[in-house]
Amino acid sequence: MANMTNTVLVTGGAGFIGSNFVMHWVKSVGSAVVNLDLLTYAGNPENLETLEGDSRHIFVHGDICDAELVGSLLLKHRPKAIVHFAAESHVDRSILEPGAFVRTNVLGTFAMLQQAKQYWLTLHADEKHAFRFLHVSTDEVYGSLGLDDAAFSEVTAYAPNSPYAASKAASDHFARAYFHTYGLPVLMSNCSNNYGPYQFPEKLIPLMILNALEGKPLPVYGDGSNVRDWLYVEDHCSAIRAVLERGVVGESYNIGGNSERKNLDVVQTICDLVDELRPDASLGKRRKLITFVTDRPGHDLRYAIDTRKINRELDWKPALAFNEGLRKTVAWYLERAAWIKNVRSGAYRDWIQKNYQERASK
Ligand code: NAD
Ligand code: DAU
């Protein structure tokens, strides 16, 4: 049987973080990436256009729940690591349609772990030792913090509040169990809110940039006082690489940007940046587009990350400050008319209609 190769199998590599990670990996590490992605509404091959013609990027259109496909890919490419991003990722969708989250996030992760274990058992002892399964997860599994509570650490008890968070928590538990029960070399990371290029415009930051640009209402849930910690996506990619290369198997690592902001502050800053970069006299100040709408059910008040473990043990910290990253992100979206036109397909318009039609202005 052929030996393990330097290839990495990435799932969900046509989505927001996955595509940034695949580009980061091919450009800075240089070994081959097999990218397994179902191309749901959130997956977009155009995110990977800078890798067109690059033989180190092998795209496979398929489902992580398809155990036979996953097993055959592992035996064919014999990767040294799996980085598992594929998921349903949007909290509002999980409130309206939770079933897809159980299927992809729970059953899909189970299929990945089971096939990884089967493959791992075929490896030689030294390869078994070197193999890694990195399960990419979220800070939302820890639930919600009060404004004065200490930030989430790796020992904070799980208390997921949305169907999305519950499905990710379930997948984290399976990942942990495969390490403890079978010895599969699993690593886990739990990260805060990412932002940056190629994020699908259903999420707060790109949605607000595009609406501000076009003079549409900016729908802030509740009173806008909910707090999120923001991390530029490139910094998440470098953290994942640090976990993969230097993390201790069986451990989890919290990743964050040390940049807590109230949603209203984020939206106001976006308004000011769009005013500066694309002034429009007919619209005036974009801040006046802000509209407070009915809150998200079960809306978590605050997320915050204690990053001391990854900082101390893996020597990782974020490179980009939030204001700098947000400026880069706004500038990126302002220059991407074609990408934006393509991602805002009929299915996107249907989602916007469904999510926001019920949210009365307050
Ligand atoms: P995304 O929604 O942008 O992308 C998800 C990708 O997974 C898409 O390309 C989609 O086509 C693919 N996919 C979905 N179902 C699949 C299936 N059954 N088989 C194969 N591929 C499938 O998500 P994202 O924001 O890039 O998040 C990636 C991962 O990081 C997720 O696991 C998410 O929980 C986690 N995470 C996200 C954030 C964030 O702020 N976005 C923060 C922390 C953790
Ligand atoms: O914390 C990590 C998580 O961050 C990831 O696990 C999720 O995949 C990712 O989607 C993100 O979840 P959030 O729910 O925090 O992200 P979202 O962009 O949907 O919302 C950010 C905040 O903005 C949240 O408090 C809700 C609010 N919001 C969102 C939208 C879409 C609004 O006020 N208005 C909106 O229209």
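**Close-up views of a predicted model: two ligand sites and a domain contact**

**View 1. Surroundings of ligand 1.** Around ligand 1 there are 29 residues, and those that come nearest are Ile 17, Asp 37, Ser 89, Tyr 164 and Lys 168. The model is a predicted one, and the distances given in these legends are to be read accordingly. Two of the polar approaches to ligand 1 involve the protein backbone: a polar backbone atom of Thr 40 is 3.0 Å from an oxygen atom of the ligand, and a backbone N or O atom of Phe 85 lies 2.8 Å from an oxygen atom of ligand 1. A side chain takes part as well, since a polar side-chain atom of Asp 63 is placed 2.8 Å from a nitrogen atom of ligand 1.

**View 2. Asp 63 and its salt-bridge partner.** Which residue forms a salt bridge with Asp 63? The partner is Arg 103, with the closest N and O atoms of the two residues 2.6 Å apart. This pair links distant parts of the chain, for Arg 103 belongs to helix H4 (residues 99-120), whereas Asp 63 sits in the loop between strand S3 (57-61) and helix H2 (67-77), the two residues being 40 residues apart. Asp 63 also has a polar side-chain atom 2.8 Å from a nitrogen atom of ligand 1, and a search of the whole structure finds 18 salt bridges.

**View 3. Surroundings of ligand 2.** Of the 25 residues around ligand 2, the ones that come nearest are Asp 139, Tyr 164, Arg 296, His 299 and Tyr 356. Tyr 164 is thus listed here and is also listed among the nearest residues of ligand 1. An N or O atom in the side chain of Thr 138 is 2.7 Å from an oxygen atom of ligand 2. From the backbone, an N or O atom of Leu 204 lies 2.8 Å from an oxygen atom of this ligand, and a backbone N or O atom of Pro 219 lies 2.8 Å from a nitrogen atom of ligand 2.

**View 4. The contact between the two domains.** The chain is divided into domain 1 (8-196 + 230-255) and domain 2 (204-227 + 260-297 + 321-356), and their contact takes 15 residues from domain 1 and 21 residues from domain 2. The centres of the two domains, taken over C-alpha atoms, are separated by 27 Å. About 1,600 Å² is buried between domain 1 and domain 2, with carbon and sulfur atoms giving 59% of that area. Within domain 1, the residues that lose the most area to domain 2 are Asp 92, Tyr 195 and Trp 230, which together account for 37% of what that side buries.

**View 5. Polar pairs and the domain 1 side of the contact.** Between domain 1 and domain 2 there are 2 salt bridges, as well as 7 residue pairs in polar contact. The side chains of Lys 354 and Glu 97 meet in a salt bridge, at 2.4 Å from N to O. On the side of domain 1 that touches domain 2, helix H3 (91-96) and strand S9 (227-232) each supply at least two residues, and H3 gives the most, with 5 residues. The residues of that side divide into 7 nonpolar, 4 polar and 4 charged.

Notes
Residues are numbered from 1 along each chain as its sequence is written. Chains are lettered from A and ligands numbered from 1 in the order in which they are written. This is a predicted model: local features need pLDDT of at least 70, side-chain atom pairs count only at pLDDT 80 or more; totals for chains, interfaces and linings use all residues. Side-chain values use heavy atoms; hydrogens and water are left out. Domain bounds come from an automatic or database domain assignment. Contact means heavy atoms within 4.5 Å. Buried area is the accessible area (1.4 Å probe) that two parts lose on being put together, summed over both. A salt bridge is a side-chain nitrogen of Lys or Arg within 4 Å of a carboxyl oxygen of Asp or Glu. A polar contact is a pair of N or O atoms within 3.5 Å; within protein, one must be able to donate a hydrogen and the other to accept it, and residues adjacent in sequence count only if both atoms are side-chain atoms. Helices (H or I, at least four residues) and strands (E, at least two) are DSSP runs, numbered from the N terminus. Ala, Val, Leu, Ile, Met, Phe, Trp, Tyr, Cys and Pro count as nonpolar, Asp, Glu, Lys and Arg as charged, and the others, Gly among them, as polar. A residue is near a molecule or strand if one of its heavy atoms lies within 4 Å of it.
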